[in-house]
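User: Could you walk me through a few side-chain contacts and odd backbone angles in this protein? Short answers with the reasoning are fine.

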Amino acid sequence: MGLAAACAFTACGPDAAQDEAAVRAVIDREVAAFNGEDLKALSEIWAQNEEITLVDVPPPGLFDGWSRIAGAFRDFFDRVSEIHLTVDDVRIRVSGDIAYATYGWAMTGKVGERPLVDRGRATAVYRRVDGGWRMVHAHYSPVPPALALETETEPPAAAPGGEGQPRGGS
């Protein structure tokens with residue numbers, strides 16, 4: 001596929017690189033907010049309307065609108081301590097005012113006195129709003145523990161989610 005054909009499907013040029021860097025900065029802010037259990041910072045990352053969605057493991061598994069997503073994060077922060085989330089293999093695609101990212105995540109922490117070790121993959125969708133990027137959808141999928149042990153080469157650094165609760169995406 002030539003450059004012109006490739007550019008028809010994804011953004012190309014200096015603006016694309018700037019947009020990808022801006023989306024990556026949002027992911028980095030999300031990780032920091034999640035690690036800091038900072039619901040206010042997360043509210044500045046997520047769009048603030050009822051059309052946004054979070055897909056995660058805990059029932060009901062689908063959270064619509066910021067108020068329900070914020071409640072799921074709050075419940076998670078109330079149950080888990082010493083949260084440490086990291087992301088890797090970040091891949092970002094931008095097309096106009098929509099962008100998506102896929103990445104691996106790893107998370108450690110404690111649920112009571114029990115250690116939490118969780119990892120998986122995520123997809124996040126962003127929309128350009130008032131010149132900045134806001135998350136409008138996230139889907140977190142944990143890797144089953146047995147598979148994680150088989151493929152793990154080093155201990156997880158940390159990531160979005162765990163213990164069947166929202167990962168906070170990043």
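Analyst: Let's start with a term: a salt bridge is a side-chain nitrogen of Lys or Arg within 4 Å of a carboxyl oxygen of Asp or Glu. Bear in mind that this is a predicted model, where local features need pLDDT of at least 70, side-chain atom pairs count only at pLDDT 80 or more, and totals for chains, interfaces and linings use all residues. Residues are numbered from 1 along each chain as its sequence is written, and side-chain values use heavy atoms, with hydrogens and water left out.

User: Which parts of the chain does the salt bridge of R128 and D97 link?

Analyst: The side chains of R128 and D97 meet at 2.7 Å, N to O, in a salt bridge. The two residues are 31 apart, so to place them we need the strands, which are DSSP runs (E, at least two residues; helices are H or I, at least four), numbered from the N terminus. The pair links strand β5, home of R128, with the loop between β3 and β4 (98-111), home of D97.

User: Is R128 buried or exposed, or in between?

Analyst: Buried means under 20% relative accessible area, exposed over 50%, and partly exposed in between (1.4 Å probe, protein chains only). R128 has a relative accessible area of 26%. Its partner D97 comes out at 45% and is partly exposed. R128 is therefore also partly exposed, at 26%.

User: Which residues are linked with R128 in a network of salt bridges?

Analyst: The structure holds seven salt bridges. The bridge of R128 and D97 belongs to a network. Linked with R128 there are D19 and D97.

User: How many residues apart in sequence are the parts that R121 and D89 tie together?

Analyst: The side chains of R121 and D89 form a salt bridge at 3.4 Å, N to O. R121 is in strand β5 and D89 in strand β3 (residues 80-95), so the bridge ties together parts of the chain that are 32 residues apart in sequence.

User: And E44 and K40, how are they separated in helix α3?

Analyst: Their side chains meet in a salt bridge (2.5 Å, N to O). K40 is exposed at 58% relative accessibility, while E44 is partly exposed at 38%. Because E44 and K40 are four residues apart in helix α3, the separation is about one helical turn.

User: What about aromatics: why does the pair F73 and F77 count as stacked?

Analyst: Rings of Phe, Tyr and Trp (its six-membered ring) pair if their centres lie within 6.5 Å; planes under 30 degrees apart are stacked, over 60 edge-to-face, and the rest tilted. By this rule there are six aromatic pairs. For F73 and F77 the centres are 6.4 Å apart and the planes are at 20 degrees, so the pair is stacked.

User: Which aromatic cluster do F73 and F77 sit in?

Analyst: Both F73 and F77 are buried. They lie in helix α4 (residues 65-79), four residues apart, about one turn of the helix. The one aromatic cluster they help form is F34, F73, F76 and F77.

User: Now the backbone: what is the phi of E37?

Analyst: Most residues other than glycine have a negative phi. E37 sits in the loop between α2 (14-35) and α3 (39-45), and is partly exposed at 34%. Although E37 is not a glycine, its phi is positive, about 50 degrees.

User: Where does D130 lie?

Analyst: D130 has a positive phi of about 50 degrees, although it is not a glycine. With a relative accessible area of 81%, D130 is exposed. Its place is the loop between β5 (114-129) and β6 (132-142).
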